[in-house]
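Me: I'm new to reading protein models, and I'd like a close look at one part of this one. Could you walk me through a group of paired strands and what lies around them?

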Amino acid sequence: MRRLALPLLALGLSALHAEELHPTDAVRAALASHPRLEAARARRESASAQARQAQWDQLGRLDLGLQWNPSYQNREVTLPSVPPTSFSLGPYARHQIEASLTQPLWTWGALTGRSQAASFREEAGLQAESREAQMVAFEATRAFLFARQAQESVLVAEQSVAQQQAFLLTARARVAEGAAPRLDVLKAELSLSEAESKRITARNEERSTREELVTVTGQARFRSATLRSGDTPLQDLPSEDAALTRALSQRADLKGAARLAQALRTGAAAERAAGLPSLSLRTVLSQSSDAASGLHQSANRTYALGLAVQWEAFASKRSQLRFADLSAQARTQEAQTRNLEDQLKLEIRTARWKVENARAQEGVAQRALAQAEEQARVSRVAYQEGIRTAVERQLDEVALSGAQDRLLQAQTDLELAWAALRLALGD
């Protein structure tokens with residue numbers, strides 16, 4: 001694609017702005033510090049922490065306790081005998097250390113399901129972060145293209161002012177020679193004023209678009225640097241079926257939505273299983289003594305090893321309610337996923353049509369500019385020789401500036417259409 005070139009003015013602008021930046025610079029800057037991307041990264045890290053926590057829950061529970069009783073009394077029981085026999089029913093000692101390990105053996109899939117659901121959420125968070133990065137990159141590219149278009153529009157406006165200044169000098173010379181009426185000078189002065197007004201508008205538009213670019217990238221250097229962009233590479237537009245297949249297979253937000261629905265379904269099944277009785281292996285080691293110096297003695301040590309069946313009386317009802325809640329959320333997420341697929345198909349079709357239309361418009365603008373350049377060149381020579389009127393000369397100059405602006409717009413639209421198509425494809 002041939003870029004609109006204004007070499008002399010561009011050379012002057014390059015002298016003012018030594019640093020040259022490209023769309024890739026804007027994308028890198030935005031990805032490095034954009035707040036939305038940081039928020040997505042934080043959500044993904046939270047999901048990752050929850051997944052690790054669920055994995056640790058499968059390893060059981062280890063409890064360590066240290067107890068000191070400053071004042072206690074164990075009940076003494078005396079049996080009638082000869083001589084009388086007595087013993088203590090109290091389990092307490094002044095010093096006690098206890099360690100217990102509870103390892104789940106059978107939970108009907110509750111712990112495993114929770115761990116899998118957390119893993120699915122972690123993957124969904126990773127996909128969401130990836131999609132957010134793609135969207136931020138697109139926004140940075142779009143802001144860069146708009147700012148670059150505004151920058152080049154200033155060059156067009158500068159060129160128009162230079163042409164109108166030359167027109168004014170020619171009109172004054174012809175009036176002085178008596179070859180043109182005084183009205184030509186007035187028309188030339190009016191045309192120059194209009195060109196200067198358009199230049200002011202173009203400069204303000206450039207300031208506005210550059211501020212937007214600075215906001216997206218978070219870097220002030222985009223406020224003053226020269227913005228450059230290479231030609232849009234020639235590439236074949238994928239067919240609609242190929243584009244849809246490609247998007248359905250690689251769109252990160254679609255993968256994330258599907259994983260989130262899977263996480264909700266898996267979590268619902270795990271919560272239903274949590275209401276059933278569970279079987280655990282329980283090991284207890286206890287060391288107790290009235291004197292601290294006796295804690296290490298094996299005589300004061302007790303062991304326990306056995307199987308424990310646990311079931312909470314109201315757990316079944318609570319698990320049913322959690323199961324119903326997560327199942328409803330899963331159905332909602334599945335419906336949203338199907339809706340996302342439908343939106344994706346429309347997005348792909350629209351993006352392809354915009355590329356096709358932008359290609360056609362860019363070709364038309366190229367031909368229109370070539371014609372306007374030739375027409376303006378002929379008009380300048382013809383006016384200087386007195387063949388054309390001032391009005392005709394002015395109209396041709398205005399037409400040339402308009403053709404240059406339309407080509408800039410068409411080139412920006414084409415690059416933006418390609419960027420939107422890549423975003424729709426999930427590239």
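Reply: Happy to! Keep in mind that this is a predicted model. A good place to begin is a single pair of residues: Glu98 stands opposite Ser286 in strand E7. That pair belongs to a longer pairing, in which strand E5 (residues 95-106) and strand E7 (residues 278-289) run antiparallel and are joined by 11 bridges.

Now follow E7 to another partner. Strand E8 (residues 301-310) also pairs with E7 in the antiparallel sense, this time over 10 bridges. Here you can find Gln287 opposite Arg301 in E8.

Next, look at the surface. Leu105, Trp106, Trp108, Leu276, Leu281, Leu305 and Leu307 make up a nonpolar patch there, and together they have about 770 Å² of accessible area. Two of the strands you have just met, E5 and E8, each supply at least two residues of this patch. Try picking out Leu305, which lies in strand E8. Leu305 counts as exposed because its relative accessibility is 67%, and the cut-off for exposed is over 50%.

Finally, there is a pocket to explore. The largest pocket has a volume of about 550 Å³. It is lined by 20 residues, and those closest to its centre are Thr107, Arg114, Ala274, Ser278 and Gln310. Strands E5 and E7 appear again here: each gives two or more residues to the lining, as do helix H4 (110-176), helix H7 (252-274) and helix H8 (315-384). So as you turn the model, you can trace E5 from its pairing with E7 to the nonpolar patch and on to the lining of the largest pocket.

Notes: Residues numbered from 1 in each chain as written. Predicted model: local features only at pLDDT ≥ 70, side-chain atom pairs only at ≥ 80, totals over all residues. Heavy atoms only, no water. Pairing = 2+ DSSP bridges. Helix = DSSP H or I, 4+ residues; strand = E, 2+ residues; numbered from the N terminus. Patch = residues over 30% accessible without salt bridge, like charges linked within 9 Å, V, L, I, M, F, W, Y side chains within 5 Å. Areas by Shrake-Rupley, 256 points an atom, 1.4 Å probe, with all protein chains shown as cover. Salt bridge = Lys/Arg side-chain N within 4 Å of Asp/Glu carboxyl O. Buried < 20%, exposed > 50% of the residue type's maximum accessible area, 1.4 Å probe, protein only. 1 Å grid on protein atoms, 1.4 Å probe; cavity = no way out; pocket = protein on both sides within 12 Å on 5 of 7 lines; lining within 4 Å. Points joined across faces, edges and corners; volume = space filled by probe spheres on them.
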